[in-house]
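Dear colleague,

I am passing on the structure we talked about, together with some notes on what came out of going through it. Please have it open beside this message while you read.

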Amino acid sequence: MRIPSPLARSAALARSAALVAVLAAAVLLPTAPAAHADDDGWRPYHGQDYDAPAGTVCPFHLYITDLLDQEETKTVARHPDGSPATVLWRGPLTLRYTNLDTGAQVDRDQSGRATEYRLTDGSTLWDVPKSSHISAKIHPGNPYHPVGDYVFSGGAVLLVHPDQQVEVLAQHRVENMCRTLA
C-alpha cells in the first residue's frame, strides 16, 4: 500500500462502481425500530496491545501498544435482528509501533472519526474522512493487498471480508509500518 502499483482505468472504474454499490447497500440497510437503551450515547472503546510474531504481518516481530486511547463508539442503526448495522467512531488514538528484533519504535497519531458499516454478509465497510486516520493489518494469503501493517491518513475506505481479508477500496496517504521500522 505504501507504493501502490498503478491501476488500469477500467479496474479503477470497476472499484469505484463496487464502492458505490457497497456504500449504497450499507446506507439502505433496514434498521430495527428502536435502539437498545445502552446505545443511546457514546461509549468508550479501548483496543488491546497487538503482538505479531515475525512473518505474520512484518518480516520482524512487531508489537503495537496504545500511548493514548480515548476512542468512543456509538451505534446509530441496527439490523432487524438487533445487531449493529452502523457504528460511529471518534476520538484521540496514538499508537506505538515497535520492532522487537531491533528495538526501533515510532509513534503514530490515528485520531479522528470513522463510520463502520456491518453488512449482512459478514463483511465490514470502514469509511474514514480526510481529517482522520485508520490502520489495517494485512496477513499472508490476502488476495487484495501486500502483507504489512498500514496506517492510512487523509481518508480511506476499507472493506474487511467475512474471512478477515482486508481490501483497500480508496486511500489518500499510506505508510507501511513494516517498511518504516525495517
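To begin at the surface, glutamine 48 is exposed, with a relative accessible area of 74%. Please keep in mind throughout that this is a predicted model. Glutamine 48 sits in the loop that connects β1 (43–45) with β2 (50–52), and its C-alpha lies 8.8 Å from that of isoleucine 64, although the two are 16 residues apart in sequence.

Isoleucine 64 leads on to the sheet, where its bridge partner in β6 is tyrosine 97. Strand β3 is joined to strand β6 (residues 93–99) by seven bridges, and the two run antiparallel. They belong to an open sheet of four strands in the order β2-β3-β6-β7, with antiparallel pairing. The edges of this sheet are formed by β2 and β7 (105–109), each of which pairs on one side only. On average, and with direction ignored, neighbouring strands of the sheet are turned by 20 degrees against each other.

Next comes the disulfide, of which a search of the whole structure finds one. It is formed by cysteine 58 and cysteine 178, whose sulfur atoms are 1.9 Å apart. The torsion about the S-S bond of these two cysteines is about -75 degrees, so the disulfide is left-handed. Because cysteine 58 lies in the loop between β2 and β3 (62–69) while cysteine 178 is in helix α2 (residues 177–180), the pair ties together parts that are 120 residues apart in sequence. Both cysteine 58 and cysteine 178 are buried.

As for the interior, the largest nonpolar core has 16 residues, and the members that touch the most others are Trp126, Ile134, Phe152 and Leu158. At least two residues of this core come from each of β5 (84–91), β9 (124–128), β10 (133–138), β11 (148–160) and β12 (166–176). The strand that gives the most is β11, with five residues. If one leaves aside the neighbours within four places in sequence, leucine 158 is in contact with Thr124, Leu125, Trp126, Ile134, Ala136, Phe152, Glu167 and Val168. There is also a second, separate core of 14 residues, which includes Ile64, Leu93, Val151 and Leu181; isoleucine 64 is thus the residue already met above as the bridge partner of tyrosine 97.

Strand β9 deserves a paragraph of its own. Four of its five residues are buried, so β9 is largely enclosed by the rest of the structure. Strand β8 (residues 112–118) is joined to β9 by four bridges, and these two strands run antiparallel; within this pairing, glutamate 116 has tryptophan 126 of β9 as its bridge partner. The two strands form a hairpin with five residues between them, and glycine 122 in the turn has a positive phi of about 95 degrees. Strand β9 is also joined to β11, by five bridges and again in antiparallel fashion, and valine 128 stands opposite alanine 156 in β11. Tryptophan 126 therefore appears twice in these notes, as the bridge partner of glutamate 116 and among the core residues that touch the most other members.

With best regards

Terms used:
Residues numbered from 1 in each chain as written. Predicted model: local features only at pLDDT ≥ 70, side-chain atom pairs only at ≥ 80, totals over all residues. Heavy atoms only, no water. Buried < 20%, exposed > 50% of the residue type's maximum accessible area, 1.4 Å probe, protein only. Disulfide = S-S within 2.5 Å. Core = buried A, V, L, I, M, F, W, Y, C linked by side-chain atoms within 4.5 Å. Contact = heavy atoms within 4.5 Å. Pairing = 2+ DSSP bridges. Axes fitted to C-alpha atoms, helices over the stretch in contact; angles between N-to-C directions.
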